[in-house]
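Trainee: I should like to go through the reasoning behind the labels used for this model.
Mentor: Please put your questions one at a time, and we shall set each value against its definition.

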Amino acid sequence: MDHAAEAHRTDLMTLTRHVLNEQSKHPESKGDFTILLSHIVLGCKFVCSAVNKAGLAKLIGLAGDTNVQGEEQKKLDVLSNEVFIKALTSSGRTCILVSEEDEEATFVDPALRGRYCVVFDPLDGSSNIDCGVSIGTIFGIYMIKDKNKVTVEDVLQPGKKMVAAGYCMYGSSCMLVLSTGRGVNGFTLDPSLGEFILTHPNIKIPKKGSIYSVNEGNAKNWDEPTARYVERCKFPQDGSSPKSLRYVGSMVADVHRTLLYGGIFLYPADKKSPNGKLRVLYEVFPMSFLMEQAGGQAFTGKGRALELVPTKIHERSPIFLGSYDDVEEIKTLYAASVEKEA
Ligand code: AFP
């Protein structure tokens, strides 16, 4: 064994080291955020291990219940939700939790309360579980003003008020992508060490991309700006090459590719779903936060996604996010359609 090379492997920028470095820049910090994050990381590692073993452990299949969206819950969804609720409450740093799987927000026992609210989708892309395609956990973090007066209004805040957001993708490797409002960093789980290692520092999305990502099966119900935009992706008017289409159907995987390669991810409104499909608090906001931090944009068809003020915890919104120039183009099409209607 090459001991020198092995020893060198200990000088790694782990996620914990990275967050502690950031914390040291704020002498007033009490380390609460670092502790909260370490509990999120533990949840992600636990779910990653369960996803990897799913077939073996016979976790695949229905748990026999339906969630608040009327969808059938799978065993892994149920397990992941329990894992994150327990990991977050036991951190002693949270006060309200909003999960895609629970109809109501969870108010943490006052004895265990801290200053943070966490909104999350414990296992997004669950229709991909049984065929082993990438799935993920998405989370956003808010801070409350007064932990003695905690109400659901503390999480019904615009996305721009989030203090951090991220996702963990359970794919060919397990990657955690995080922003605390100063850029975006990507960490890959080294299974031999059980540590997330900084592998993608300071991620910046290309200004323009060559991929569009949308469920084209919904095309017959799209509004005019979305239909025109997708037409332009295929038949560009400026002599450039057509864009390629990539669509996994797991938001984490589709957004992750968009972040690294550039391009645009769309889940528009349509005649059947006038508010789109994706949920504002734990899908639209965290991904929009990351996109903006990486230099891209996120737009709802009406305005900047992070300006939206949700009125209920499971609210949905259309979303267009990705490379700056690509989102700019769809914004122009929506602006033109508003002018035409006026
Ligand atoms: P599931 O968790 O039900 O698979 O939904 C995943 C998701 O919320 C998001 O991850 C995808 O981007 C989107 O739905 C895919 O929706 P369509 O199947 O309608 O394209």
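Trainee: Where is asparagine 215 found, and why is it called partly exposed?
Mentor: In this predicted model, asparagine 215 is found in the loop between β11 and α5 (224-234). Its relative accessibility is 28%. Buried means under 20% and exposed means over 50%, with partly exposed in between, so asparagine 215 counts as partly exposed.

Trainee: How far apart are asparagine 215 and phenylalanine 265 in sequence and in space?
Mentor: They are 50 residues apart in sequence, and their C-alpha atoms are 9.7 Å apart.

Trainee: Which residues come nearest to the ligand?
Mentor: Of the 15 residues around the ligand, Asp124, Asn215, Tyr247, Met251 and Tyr267 come nearest. A residue is included if one of its heavy atoms lies within 4 Å of the ligand.

Trainee: What makes the approach of aspartate 124 to the ligand a polar contact?
Mentor: A polar side-chain atom of aspartate 124 lies 2.5 Å from an oxygen atom of the ligand. The definition asks for a pair of N or O atoms within 3.5 Å, so this pair qualifies. For tyrosine 247, an N or O atom of the side chain is 2.5 Å from a ligand oxygen atom, and for glutamate 283 a polar side-chain atom lies 3.1 Å from a ligand oxygen atom. Both of these distances also satisfy the limit of 3.5 Å.

Trainee: How much of the ligand's accessible area does the protein cover?
Mentor: On its own the ligand has 480 Å² of accessible area, and the protein covers 85% of it.

Trainee: What is the make-up of the shell around the ligand by class?
Mentor: The shell has five nonpolar, six polar and four charged residues.

Trainee: Why is the ligand said to lie between domain 1 and domain 2?
Mentor: Domain 1 (3-202) and domain 2 (211-341) both give residues to the shell, so the ligand lies between them.

Trainee: What does UniProt list for residues 205-334?
Mentor: An unreviewed UniProt entry lists these residues as "domain: Fructose-1-6-bisphosphatase class 1 C-terminal". Over residues 205-334 the chain is 36% helix and 12% strand, and the end C-alpha atoms are 23 Å apart.

Trainee: What makes helix α7 mostly covered?
Mentor: Helix α7 spans residues 280-293, and 12 of its 14 residues are buried. Among them are Glu283, Phe285 and Phe289. Just after α7, glycine 295 takes a positive phi of about 95 degrees.

Trainee: Why is aspartate 326 called buried?
Mentor: The relative accessible area of aspartate 326 is 0%. Buried means under 20%, so the label follows. Aspartate 326 has its place in helix α8 (residues 324-341), and a polar contact of 3.4 Å joins its side chain to that of lysine 208.

Trainee: Is tyrosine 324 buried, exposed or partly exposed, and why?
Mentor: Tyrosine 324 is also placed in helix α8. Its relative accessibility is 37%, which lies between 20% and 50%, so tyrosine 324 counts as partly exposed. Its C-alpha atom is separated by 18 Å from that of serine 244, 80 residues apart along the chain.

Trainee: In helix α3, why is leucine 42 called exposed, and why is glycine 43 called buried?
Mentor: Leucine 42 is found in helix α3 (residues 32-53), as is glycine 43. Leucine 42 has a relative accessible area of 52%, over the 50% limit, so it is exposed. Glycine 43 has a relative accessibility of 1%, under the 20% limit, so it is buried. The C-alpha atoms of glycine 43 and leucine 88 are 8.4 Å apart, with their positions 45 residues apart in sequence.

Trainee: What is notable about phi of asparagine 202?
Mentor: Phi of asparagine 202 is near 45 degrees, a positive value in a residue other than glycine. Most residues other than glycine have a negative phi. Asparagine 202 is found in the loop between β10 (195-200) and β11 (211-213). At 46% relative accessibility, under the 50% limit for exposed and not under 20%, asparagine 202 counts as partly exposed.

Key: Residues are numbered from 1 along each chain as its sequence is written. This is a predicted model: local features need pLDDT of at least 70, side-chain atom pairs count only at pLDDT 80 or more; totals for chains, interfaces and linings use all residues. Side-chain values use heavy atoms; hydrogens and water are left out. UniProt positions are given in the numbering used here, feature names are shortened, and annotations may be inferred rather than shown by experiment. Helices (H or I, at least four residues) and strands (E, at least two) are DSSP runs, numbered from the N terminus. A polar contact is a pair of N or O atoms within 3.5 Å; within protein, one must be able to donate a hydrogen and the other to accept it, and residues adjacent in sequence count only if both atoms are side-chain atoms. Accessible areas come from the Shrake-Rupley method with a 1.4 Å probe; for residues, only the protein chains shown count as cover. Ala, Val, Leu, Ile, Met, Phe, Trp, Tyr, Cys and Pro count as nonpolar, Asp, Glu, Lys and Arg as charged, and the others, Gly among them, as polar. Domain bounds come from an automatic or database domain assignment. Buried means under 20% relative accessible area, exposed over 50%, partly exposed in between (1.4 Å probe, protein chains only).
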